[in-house]
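Here is a short report on one chain and its fold. Have the sequence and the model open while reading.

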Amino acid sequence: MKGWRKKQDVHQVTDAKPSLTSDIRRREISYLIKMGIRTLCLILAVVVPVPWPYRLLFIAGAVFLPYIAVIGANERGGDAPSPTFHTPEANQSEIPRHRREIGS
């Protein structure tokens, strides 16, 4: 009797994409780490007496890390769910505003 039943697909939890909340949280943490490193580079460039090549390296880190951090924070993960937009359907029995006549 079991042979006539259709085999059902079994979905596992490991197949699920990470939630949008966890993707945003991951990007926030990455952004904060990069901006912390940038702050450290800025402090090291101003406070620590080091030769100019090292100081230029710290300054470069302080200048370019914000760009890298923002690009990384705005990039959605490859396994993140795509955003869905739900547009409510218009009520077909209602006359659209741009088609109404004066006095109606």
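Two residues are in contact when heavy atoms of theirs lie within 4.5 Å. With that cut-off, the buried residues of α1 pack against α2. One caution applies throughout: this is a predicted model.

**Overall picture**

The chain has 104 residues, and buried residues make up 13% of them. It contains two helices and zero strands. The accessible surface is about 9800 Å². Carbon and sulfur atoms account for 62% of that surface. Now take the contacts between residues at least 6 apart in sequence: 66% of them join residues at least 24 apart.

**Helix α1**

Helix α1 covers residues 20-47. Does its length fit the rise expected of a helix, or which span should it have? At 1.5 Å a residue, its 28 residues should span 40 Å. The end C-alpha atoms are 40 Å apart, so the two values agree. The buried residues here are Asp23, Arg27, Met35, Cys41 and Ala45. Two of these names, Asp23 and Arg27, belong to residues with charged side chains, yet both count as buried in α1.

Other positions in α1 are less covered. Arg26 lies in this helix. Its relative accessible area is 45%, so Arg26 is partly exposed. Ile29 is in α1 too. Ile29 has a relative accessible area of 39% and is therefore partly exposed. Val46, also placed in α1, reaches 61%. That value is over 50%, so Val46 is exposed.

**Helix α2**

Helix α2 runs over residues 52-74 and has 23 residues. From first C-alpha to last it reaches 34 Å, close to the 33 Å expected at 1.5 Å a residue. The helix bends by about 35° at Phe64. A proline, Pro66, follows within four residues.

Phe64 itself sits in α2. Is Phe64 buried or exposed? Its relative accessibility is 52%, so Phe64 counts as exposed.

The buried set in α2 is Arg55, Phe58, Gly61, Ala62, Leu65, Ala69 and Ala73. What covers these residues includes α1. Arg55 has a further feature: its charged end sits over the ring of Trp52, 5.5 Å from the ring centre. Aromatic pairs, in contrast, number zero in the structure.

**Across the two helices**

Several C-alpha distances link residues of α1 with residues of α2. The table sets sequence separation beside distance in space.

| Residue pair | Apart in sequence | C-alpha to C-alpha |
|---|---|---|
| Phe64 and Arg38 | 26 residues | 8.5 Å |
| Arg26 and Ala73 | 47 residues | 8.8 Å |
| Val46 and Ile59 | 13 residues | 8.8 Å |
| Ile29 and Ala73 | 44 residues | 9.0 Å |

Ala73 appears twice, with Arg26 and with Ile29. Ala73 is among the buried residues of α2, whereas Arg26 and Ile29 are each partly exposed. Phe64, where α2 bends, has its C-alpha 8.5 Å from that of Arg38. Val46 is exposed, and its C-alpha is 8.8 Å from that of Ile59.

**In brief**

The predicted model has two helices and zero strands. Buried residues of α1 pack against α2, and α1 is part of what covers the buried residues of α2.

Definitions and conventions
Residues are numbered from 1 along each chain as its sequence is written. This is a predicted model: local features need pLDDT of at least 70, side-chain atom pairs count only at pLDDT 80 or more; totals for chains, interfaces and linings use all residues. Side-chain values use heavy atoms; hydrogens and water are left out. Rings of Phe, Tyr and Trp (its six-membered ring) pair if their centres lie within 6.5 Å; planes under 30 degrees apart count as stacked, over 60 as edge-to-face and the rest as tilted. A charge sits over a ring if NZ of Lys or CZ of Arg is within 6 Å of the ring centre and within 35 degrees of the ring normal. Buried means under 20% relative accessible area, exposed over 50%, partly exposed in between (1.4 Å probe, protein chains only). The expected span of a helix is 1.5 Å times one less than its number of residues. The bend at a residue is the angle between axes fitted to the seven residues ending there and the seven starting there. Accessible areas come from the Shrake-Rupley method with a 1.4 Å probe; for residues, only the protein chains shown count as cover.
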